[in-house]
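Reader: I have a structure open and I would like to talk it through slowly. Could you go over it with me?

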Amino acid sequence: MLRVKISNHNFSSPLVLAAGTAGFGQELRGLVDFRKVGALTTKTITLKPRSGNPPPRIFEVDCGIINSIGLENKGLAWLVKKFSSLKKISTQIIVSFSSEDEAGFSIIASGLDKIEDLKFLEVNLSCPNVRKKALFAQSPRQTYRIIKDIRRKTDKFIIAKLSPEVTDIVAVARKALAAGADALSLVNTFFALRVDINTRRPFLGRNASGGLSGPAIKPLALYRTWQIYKSLRAPLIAGGGISNWQDALEFIICGATLVSIGTANFLNPQAGENIYEGLKNFCRRNKIDNIRELRGSLKV
Amino acid sequence: MRIFEEKIVTLRQVRKKIFLLGFKSSYLAPRAQPGQFVNIYLQEKDVFLPRPFSIHKIESDIVYLLFKVRGKATQALADMAKGESLRICGPLGKKFDWLAMAKYKRVVLIGGGIGIAPLSFLGEKLSSLSSQKLLFVGAATKKELVVKKELRNYGFMVYTATLDGSAGEKGDIVSVFSRWLEKERIKGKDLCVFGCGPWGMAESLQRVERTYKIGKVWFSFERVIACGLGVCRGCAIETKSGYKLLCQQGPVFNLDEVVFA
């Protein structure tokens, strides 16, 4: 009922745990029933280890959080070594990766290509907390170049993670697909800032801004999902502020093939399971054989 | 560590804005150790992230939290009632190796404000040590000062201070502690300290540690925690050997290692 297929890949449900919100899966062992989750996206890795941004890194706001983690991770070599234990988790594993410079992406892609059991790569072109310059995903041209370079290095399933912080998200999405991306992932967080009025300093560490996630961004993410779906009909892993099954369904109706659960994992590590049960009951009640029947069914 | 639901068996105000909450948990009670904490998932509309609370004490299968109302989440918790259910994740954080304190002649616990919370649990474990045991407790005013009777029973000599002088010595508790070191001509190396309280207190305690060359100081830190599971990497604190996660390598750190911004 909830099974989803993209090209020849099967997912046990349309639910994906978003990068940075489920670690590498092992942290959640015993807490999460991974069989109900279609895929787990790892924390983004980079070529070399990164120590992350100065604390504080998280600030709670109304209906969301602002984070400035700064891609703290142990690097590609660690991931390569670790992967055999990751794949024991009973769901599909998507490895998210990023780089501060364009050239780094294809180097990492070559490294990941050697991991035989790894099928899915998510190219994080849109982390708001690592580059002082514009995000890669803010430039259709750079997006194209990076994805194209990665495509040359690997036949694995490539997912391009887009930023919502653009004038025309469809233009970037189109370029990512033209360069060889198999699917698109959206949205990454929105640039955000909160200020302590007593000290006149930002609440987050030395980097003034961070990325906003959580229910606050849901309508913004839904809008962008629908925009891309109606123009391109591409496989989308979409989310932003999904907290319950109704939210997940909204994204599916707007065209998502898979939906990503992010910040909700912090509020409840079992959010995925709860959403799974909710979606299943909904399909049962409404005599829907498979959730894909609802995909892109927005009536406009 | 697990996520579980338990009913509140006791919830009462003990001082101004300070509440004692107990829940029965046959899972947590035998497993939790001093230094560890739990995340509580509140169902309150305006509260988003779970809130971390250190374990105050454990009596048979009842786990107690001592907390101060600071914002909407703690207010929501204080407004709950006996019999209501709490969603809890724990035990979280690293167990504190309190046996490491045994080799010092004098053991000092210092609590600043609601930083007293984890000291009862630790104090109970330390009660069997033959070392001299001292407790320094400070608060803003007498109304907020919590001196736990049980700590006296565990053999702790108690010193108190308030910022406004309404109880105990006037001043902050770290200054009172450093005056005591001076007055009693205590040799720093014979001493170990476990402190808990706000960041400013940790910073001044670190200065005292270095001035008096105290044998060892551990400090239990507070920070916004999103997941509590090491997943989000959000609760980093800066140490001499890089960033460490409060929820995994802490919340208790060797104070000398911590770098203050």
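Author: What follows is a walk through the domains, sheets, contacts and unusual backbone spots of this predicted model. Residues are numbered from 1 along each chain as its sequence is written, while chains are lettered from A and ligands numbered from 1 in the order in which they are written. Because the model is predicted, local features need pLDDT of at least 70 and side-chain atom pairs count only at pLDDT 80 or more, whereas totals for chains, interfaces and linings use all residues.

Reader: OK, so into which domains is chain B divided?

Author: Chain B is divided into domain 1 (2-92) and domain 2 (98-257), with bounds that come from an automatic or database domain assignment. Taken over C-alpha atoms, the centres of these two domains of chain B are separated by 22 Å.

Reader: And how many residues of each are in contact?

Author: In chain B, 22 residues of domain 1 are in contact with 21 residues of domain 2, where contact means that the C-beta atoms of two residues, placed from the backbone, lie within 7 Å. On the side of domain 1 of chain B that touches domain 2 of chain B, E6(B) gives the most, with three residues. Strands here (E, at least two residues) are DSSP runs numbered from the N terminus, as are helices (H or I, at least four residues).

Reader: By class, what does that side of domain 1 have?

Author: The side of domain 1 of chain B that touches domain 2 of chain B has 13 nonpolar, four polar and five charged residues. For these classes, Ala, Val, Leu, Ile, Met, Phe, Trp, Tyr, Cys and Pro count as nonpolar, Asp, Glu, Lys and Arg as charged, and the others, Gly among them, as polar.

Reader: Which strands form the open sheet in chain B?

Author: In chain B, seven strands form an open sheet in the order E4-E3-E7-E1-E2-E6-E5, with antiparallel pairing; two strands pair if DSSP finds at least two bridges between them. Its edge strands are E4 (51-54) and E5 of chain B, each of which pairs on one side only. E5(B) and E6(B) (residues 62-68) are joined in the antiparallel sense over three bridges.

Reader: I clicked on Lys57(B) in E5(B). Is that residue buried or exposed?

Author: Lys57(B) counts as buried because it has 22 C-beta neighbours inside 10 Å. The cut-offs are 20 or more other C-beta atoms within 10 Å for buried, 12 or fewer for exposed, and partly exposed in between, with C-beta atoms placed from the backbone.

Reader: What is Lys57(B) in contact with?

Author: Leaving aside neighbours within four places in sequence, Lys57(B) is in contact with Tyr64(B), Ser120(B), Phe121(B) and Glu124(B). Tyr64(B) also stands opposite Lys57(B) in E6(B). The C-alpha atoms of Lys57(B) and Pro34(B), which are 23 residues apart along the chain, are separated by 8.5 Å.

Reader: Let me switch to where the two chains touch. How many residues does each give to the contact?

Author: The contact takes 28 residues from chain A and 21 residues from chain B. On the chain B side, the largest share, three residues, comes from E14(B), and by class that side has 15 nonpolar, three polar and three charged residues.

Reader: Now strand E6 of chain A, please: which residues lie on each side?

Author: In E6(A) (residues 64-67), Gly64(A) and Ile66(A) lie on one side and Ile65(A) and Asn67(A) on the other, and all are buried, which leaves both faces covered. In a regular strand the side chains alternate between the two faces of the sheet.

Reader: What pairs with E6(A)?

Author: Four bridges join E6(A) to E5(A) (residues 58-61) in antiparallel fashion, with Glu60(A) as the bridge partner of Ile65(A). E6(A) is also joined by three bridges to E14(A) (residues 210-213), again antiparallel, and there Asn67(A) partners Gly211(A).

Reader: Last topic, the odd backbone spots: where are the cis peptide bonds?

Author: One cis peptide bond runs from Leu186(A) to Val187(A), with omega near 0 degrees, and another joins Gly90(B) and Pro91(B), with omega about -5 degrees. Most residues other than glycine have a negative phi, and most peptide bonds are trans. Arg200(A) has a positive phi of about 60 degrees although it is not a glycine, and the same description holds for Arg233(B).

Reader: Are those two arginines buried or exposed?

Author: Arg200(A) is exposed, with 7 other C-beta atoms within 10 Å, whereas Arg233(B) counts as buried, with 25 C-beta neighbours inside 10 Å.
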